[in-house]
Amino acid sequence: MCESAIDAVHPRFAKKPALYHKGFKIALVQLSVGADKAKNVAAAVSEIHKAKQQGAQIVALPECFNSPYGTKFFSEYAEEVPSGATCRALSRAAAEAGVCVVGGTVPERCGDELFNTCTVWDGSGKLLAQHRKMHLFDIDIPNKITFKESEVLSPGNQITTFEYQGVRIGVGICYDLRFGEMAHLMAKQGCSVLIYPAAFNMTTGPKHWELLARARANDEQLWVALVSPARDTEAGYVAWGHSTLVDPWANVVAKLDEKPGMLLADIDLSVVEEVRSQIPIRVQRRTDIYDTVIKTKC
């Protein structure tokens with residue numbers, strides 16, 4: 001089937017997930033990333049276990065956590081998914097810690113193509129979801145930054161959501177955050193939380209990082225988490241950092257600075273219903289005039 005649409009359901013009639021009123025604790029891990037892949041992966045695994053010890057049930061890693069970010073690095077660091085060494089390490093860490101791991105992104109090799117790919121692992125180490133970055137980062141801001149992922153990477157072609165312990169969660173990667181249609185489709189599929197491993201830079205970060213997180217949270221009335229690598233001023237691509245969590249009222253609940261660190265916070269899922277019932281835009285949209293639908297490639 002090449003086209004589908006999921007009608008919005010009023011929150012009063014929607015089936016409540018098992019953790020709906022309990023919520024869960026999330027950890028956003030802002031890692032320092034260097035040239036040593038094994039060291040990067042080991043640091044991620046260590047932080048997953050630390051997050052578990054502090055009560056996290058879902059642990060999210062940043063974009064390109066196992067490699068430097070840059071078109072010249074993607075081929076060198078690429079692995080197959082899910083059979084590559086990084087995926088095996090994430091699967092094992094998730095199982096050992098008993099947590100859901102949203103595995104940032106890794107450069108994925110599939111045949112002759114390269115993708116920027118996020119993997120999600122449940123508490124038994126099973127692969128729950130795999131998202132390939134749909135919108136490639138091709139920008140040109142004169143005298144600031146020029147970057148073209150499309151020179152090396154291929155785009156993904158699927159919206160990605162997964163369910164963990166009764167909660168539907170959507171995944172996007174970095175530049176995907178700019179596309180409200182994608183967030184809207186994930187919300188229509190029942191998501192209460194969107195997680196974006198991302199690496200904004202020193203030009204776009206100050207301008208749009210928090211703005212876009214709050215916009216997506218406000219538009220779709222859900223939680224939004226952005227997970228960045230830590231800032232390395234010696235790197236060829238300098239990340240903004242500032243991993244951030246925004247609630248369905250579009251309030252910034254917590255954020256880090258630019259240094260390595262871990263953001264631990266409680267996701268209160270009752271706030272999703274609170275906002276959606278008080279400002280019921282989901283049932284007020286004029287879908288008789290306009291709509292947003294998924295068109296999948298056959």
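How far apart are the end C-alpha atoms of helix 5, and what should its 17 residues span at 1.5 Å a residue? In this predicted model, helix 5 covers residues 204-220 and should span 24 Å, while its end C-alpha atoms are 23 Å apart, which agrees. The buried residues of helix 5 are Thr 204, Gly 205, Trp 209, Leu 212, Ala 213, Arg 216, Ala 217 and Glu 220. Residues three or four places apart in an α-helix point the same way, because there are 3.6 residues a turn. The partners against which the buried residues of helix 5 pack are strand 8 (138-141), helix 4 (180-188), strand 12 (193-197), strand 13, strand 14 and helix 6 (270-278). Just after the helix, Gln 221 takes a positive phi of about 55 degrees.

Helix 4, one of the elements that helix 5 packs against, was examined in a similar way. Seven of the nine residues of helix 4 are buried, so this helix is largely enclosed by the rest of the structure. These buried residues are Met 182, Ala 183, His 184, Leu 185, Met 186, Ala 187 and Lys 188. They pack against strand 7 (127-132), strand 10 (160-164), strand 11 (167-171), strand 12, helix 5 and strand 17 (294-295). A positive phi follows this helix too, with Gly 190, just after helix 4, taking a value of about 100 degrees.

Attention then turns to the nonpolar interior. The largest nonpolar core has 51 residues, of which Phe 24, Ile 26, Ile 58, Phe 162 and Ile 195 touch the most other members. When residues up to four places away in sequence are not counted, Ile 195 touches Ile 26, Ile 58, Ala 60, Val 102, Ile 169, Gly 170, Val 171, Gly 172, Ala 225 and Val 227. Apart from the largest core lies another core, of 22 residues, and among its members are Val 29, Ala 56, Val 59 and Leu 61.

A polar residue can also be placed in the interior of the model, as Gln 30 shows: with a relative accessible area of 1%, Gln 30 is buried, since the cut-off for burial is under 20%. Gln 30 belongs to strand 2 (residues 24-30), and its side chain reaches the backbone oxygen of Asp 257 at 2.8 Å. Leaving aside neighbours within four places in sequence, the contacts of Gln 30 include Ser 228, Pro 229 and Ala 230, then Gly 241, His 242 and Ser 243, and also Leu 256, Asp 257 and Glu 258.

Aromatic rings form a further group of contacts, and nine aromatic pairs were counted. In one of them, the rings of Phe 147 and Tyr 237 have their centres 5.6 Å apart and their planes at 70 degrees, so the pair is edge-to-face. The pair links distant parts of the chain, as Phe 147 lies in strand 9 (residues 145-148) and Tyr 237 lies in the loop between strand 13 (223-227) and strand 14 (244-246), 90 residues apart. Both partners are buried, Phe 147 with a relative accessible area of 11% and Tyr 237 at 12% relative accessibility. The rings of Phe 200 and Trp 209 have their centres 5.1 Å apart and their planes at 70 degrees, so this pair is edge-to-face as well. Phe 200 is buried, with a relative accessible area of 3%, and Trp 209, at 2%, likewise counts as buried. Ring pairs also link Tyr 69, Phe 74, Phe 137, Phe 147, Tyr 175, Phe 179 and Tyr 237 into a cluster. In a contact of another kind, the charged end of Arg 132 sits over the ring of Phe 115, 3.9 Å from its centre.

Two charged residues with greater accessibility complete the description. Glu 113, in strand 6 (residues 113-121), counts as partly exposed at 40% relative accessibility. Not counting residues up to four places away in sequence, Glu 113 touches Glu 108 and Ser 154, and a polar contact of 2.9 Å joins the side chains of Glu 113 and Ser 154. Glu 113 and Pro 142 are 29 residues apart in sequence, and their C-alpha atoms are 30 Å apart in space. Lys 39, found in helix 1 (residues 37-53), counts as exposed at 62% relative accessibility. Between Lys 39 and Val 224 the separation is 185 residues in sequence and 29 Å in space, C-alpha to C-alpha.

Technical notes:
Residues are numbered from 1 along each chain as its sequence is written. This is a predicted model: local features need pLDDT of at least 70, side-chain atom pairs count only at pLDDT 80 or more; totals for chains, interfaces and linings use all residues. Side-chain values use heavy atoms; hydrogens and water are left out. Helices (H or I, at least four residues) and strands (E, at least two) are DSSP runs, numbered from the N terminus. Buried means under 20% relative accessible area, exposed over 50%, partly exposed in between (1.4 Å probe, protein chains only). A polar contact is a pair of N or O atoms within 3.5 Å; within protein, one must be able to donate a hydrogen and the other to accept it, and residues adjacent in sequence count only if both atoms are side-chain atoms. Contact means heavy atoms within 4.5 Å. A nonpolar core is a set of buried Ala, Val, Leu, Ile, Met, Phe, Trp, Tyr and Cys residues joined through side-chain atoms within 4.5 Å. Rings of Phe, Tyr and Trp (its six-membered ring) pair if their centres lie within 6.5 Å; planes under 30 degrees apart count as stacked, over 60 as edge-to-face and the rest as tilted. A charge sits over a ring if NZ of Lys or CZ of Arg is within 6 Å of the ring centre and within 35 degrees of the ring normal. The expected span of a helix is 1.5 Å times one less than its number of residues.
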